[in-house]
Structures are given as structure tokens and as C-alpha cells.
Amino acid sequence: MRPQDDETCLPIPDQADALASGESSPDEAMMRRALELARAAKDLGEVPVGALVVRAGQIIAQAHNLRETLRDPTAHAERLALTWAGRALGTWRLDDCVLYVTLEPCAMCAGAIVLSRIRRLVYGATDPKAGACRSLYRLVSDPRLNHRVEVTAGVLAGECGEILTEFFQERRPFRKLGVSRKAQPSTDKLDAPSPS
């Protein structure tokens, strides 16, 4: 099941709704939804990153990391949300859309953002080890590329960073023991021992 199947085309709270609910901006309201998706990822044992694509006041697609679940190194929240937004809209060009994500995108996702022609990127926490929008690289705003993306960084950065910190702190004791937190027997034929 795709994470966005539960609630597609959700309206964005307008400025008045955002202020009435204690949010200071619609960006914060959307980042809170992305944080809900990140929590869902954490519950599955995935790195807690959530993303959503918004167009004309509606959430078009939403996703969270599914790398472990799908056994797919490219199943990042941003890439999945972009893919599903393209399918929902019937086009790969997402030039009138905004992408919200809880963590600064990596190089793979930043490349996908440029290729999708997203108009604007809003992210929460910076990623000093892999961030490719402002921290390590500036792929989405590189003037040598054929598209540049408007970037708003640091929306609810503290909350976005906190869920990641908690996730990795919880995993450390298991790593030291050499045990997978989500230890499951493998059914993959490649993992089976070869006959003697």
C-alpha cells in the first residue's frame, strides 16, 4: 500500500486556519503533516523522513522512507512522493508544485527534484553528512543546470531533527550488539546457503 492512498488531495490550510491552529504559516502546517509521515516511517523501522507534494492548495502525493520495507536503496520519501505526484497529475513536469520534506534531500533526491521541475522545496532539518541542497552541495540552485528551485530551509527544523536523533539513538544499542532492530528471517534465494 502506498502511504498517500489513505488521504489524497488534502486541502492546504489557508493562512487563517494555520494561525487559528497555532501554526505561524501554511509551510509549518504542511511540515507537520510531513512529520506525521516521518513518524509512520519510524514505526516501520525506517529512517523517519516524510515528504509531500502540494499543488494549488492540495496534497497531491505523500510518502515516507521505504528503503528497508521495499529493499530498494532509492525508496526515499522525496523520490516516492515525486513519482506518485507525477502519476497523479499524468505528467513528470511538476513545475507548479511545492515539495515539503522533513530532512534536506540527498544528491539522488536533489537530482530528482531538479528533473521534476518542482517550483519550490521546503525542508526541515539540515543534513550535514548528505545534504545536497545547501549543506554539502547546492544542486537544486546550481546555475549550470537547466532548472533551479526556490528553497526554504529550516521549517520546524528542531522537531524534524529531533525525530531523527531519537531514531538513531534507539538503534545504537542494537548496532553494538550486532543485532538488527528489525531482525527478520530472509526469504531471498540469494541469501540462502549454497549446497555443500
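**Exercise 1. Cysteines**

Is Cys 97 buried or exposed, and how many disulfides does the structure hold?

*Solution.* Start with Cys 97. Its relative accessible area is 0%, so Cys 97 is buried (under 20% relative accessible area; exposed is over 50%, partly exposed in between, with a 1.4 Å probe and protein chains only). The model is predicted: local features need pLDDT of at least 70, side-chain atom pairs count only at pLDDT 80 or more, and totals for chains, interfaces and linings use all residues. Residues are numbered from 1 along each chain as its sequence is written, and side-chain values use heavy atoms, without hydrogens and water.

Next, count the disulfides (pairs of cysteine sulfur atoms within 2.5 Å). The count is zero. Cys 133 is in none; its nearest cysteine sulfur belongs to Cys 106, 8.7 Å away. Cys 133 is buried at 1% relative accessibility.

**Exercise 2. A buried acid**

Which side chain of opposite charge is nearest to Glu 78?

*Solution.* Locate Glu 78: helix H4, residues 77-89 (helices are DSSP runs of H or I, at least four residues, numbered from the N terminus). Then check charges (Lys and Arg positive, Asp and Glu negative; His and chain ends not counted). The answer is Arg 79, 8.7 Å away. Glu 78 is buried yet has no salt bridge (a side-chain nitrogen of Lys or Arg within 4 Å of a carboxyl oxygen of Asp or Glu). Last, list contacts (heavy atoms within 4.5 Å). Leaving out residues up to four places away in sequence, Glu 78 touches, among others, Val 49, Leu 99, Cys 106 and Cys 109.
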